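Hi,

Here is the structure I promised to pass on. Have a look, and my notes follow underneath.

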Amino acid sequence: SLQGKTAIVTGSNSGIGLGVAIEFAKAGLNVVLNSFTNNDEDHALAAKLSEEHGTHVQYIKADMSKAEECRGLIEIAGGCDILVNNAGIQHVAPIQDFPTEKWDAIIAINLNSAFHTTAAALPHMRERGWGRVINIASAHGLTASPFKSAYVAAKHGVVGLTKVTALETAEEPITCNAICPGYVLTPLVEAQIPDTMKEYGMDREEVIKNVMLTRQPSKDFATVEQLGGTALFLSSDAAAQITGTTISVDGGWTAL
Ligand code: NAD
């Protein structure tokens with residue numbers, strides 16, 4: 001049973017990370033919320049989830065663009081049973097105009113952080129004799145789109161890291177898998193609508209229908225609750241032999 005186990009979810013004061021954290025808290029897991037801010041609202045969010053679900057929820061500030069803070073998050077939490085590498089950012093621009101600092105930030109937050117947190121968390125999982133590493137990759141971990149060079153490169157990297165983590169833990173009661181969402185209407189997606197409008201010279205509705213959901217045959221966004229449910233499934237005993245693979249939650253995107 002997952003009751004009483006502890007999950008650390010990186011980048012979880014918003015969007016998919018928060019959705020996963022809420023589904024975990026509902027299932028009786030203790031949860032560590034994280035982001036790079038240290039606002040009263042961050043801690044209030046943790047207190048509210050604690051109270052609503054009767055599990056221990058705390059917020060730990062750590063900047064996932066910094067190696068030491070990634071590793072520090074795991075140590076401050078005292079390790080975990082389930083690690084969800086979710087923190088991520090996006091920037092949309094053609095390669096020749098892509099700012100180097102945006103490239104570096106995306107590779108650091110979307111890819112390098114998962115390496116550092118996993119490296120720090122595995123010894124604790126081995127000591128506890130059980131573990132789940134769940135990487136939130138993307139349909140862009142399996143396919144590409146123009147103007148998203150850093151993001152697509154980072155997400156393909158996360159899928160590769162997932163396979164290596166699975167192989168290195170294959171004979172242990174530890175699994176590692178990646179969830180590959182299609183479009184989910186979160187603040188991250190909301191924020192790229194203006195840039196995509198500019199790139200394609202389209203209005204908001206056209207961008208949503210003809211650019212974003214054009215590759216999502218369901219013509220519907222996935223929800224953060226559905227992603228939380230997928231993470232819960234990967235954490236369950238039913239998924240004990242699922243390791244080193246990807247689960248797409250993309251309305252058919254990768255079937256096209
Ligand atoms: P979001 O912007 O709502 O959430 C991102 C989270 O990461 C936030 O909590 C933010 O505070 C945190 N974060 C950003 N920079 C950080 C840093 N330096 N250190 C710590 N935390 C940091 O976005 P989201 O859509 O919920 O995205 C979550 C993950 O899901 C990302 O990895 C994203 O690539 C992936 N994803 C999203 C979609 C989608 O359609 N929304 C699709 C596929 C994959």
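How many nonpolar, polar and charged residues does the shell around the ligand have? By class there are 16 nonpolar, 13 polar and two charged ones, where Ala, Val, Leu, Ile, Met, Phe, Trp, Tyr, Cys and Pro count as nonpolar, Asp, Glu, Lys and Arg as charged, and the others, Gly among them, as polar.

Before you dig in: this is a predicted model, with local features needing pLDDT of at least 70 and side-chain atom pairs pLDDT 80 or more, while totals for chains, interfaces and linings use all residues. Residues are numbered from 1 along each chain as its sequence is written, and side-chain values use heavy atoms, with hydrogens and water left out.

On to the ligand. Of the 31 residues around it (a heavy atom within 4 Å), Asn-13, Ser-35, Tyr-151, Val-184 and Thr-186 come nearest. Ligand oxygen atoms also pair up with the backbone (polar contact: N or O atoms within 3.5 Å): a backbone N or O of Gly-11 is 3.1 Å from one, a backbone N or O of Ile-16 lies 2.7 Å from one, and a polar backbone atom of Asn-86 is 2.7 Å from one. The protein covers 93% of the 830 Å² of accessible area (Shrake-Rupley, 1.4 Å probe) that the ligand has on its own.

Which elements give two or more residues to that shell? They are α1 (15-26), β2 (30-35), α5 (149-168) and α6 (187-200), and α6 gives the most, with three residues.

As for the whole protein, I count eight helices and seven strands (DSSP runs, H or I of at least four residues and E of at least two). The C-alpha trace spans about 50 × 40 × 35 Å along its principal axes.

Cheers

Technical notes. Polar contact = N/O pair within 3.5 Å; in protein donor to acceptor, adjacent residues only side chain to side chain.
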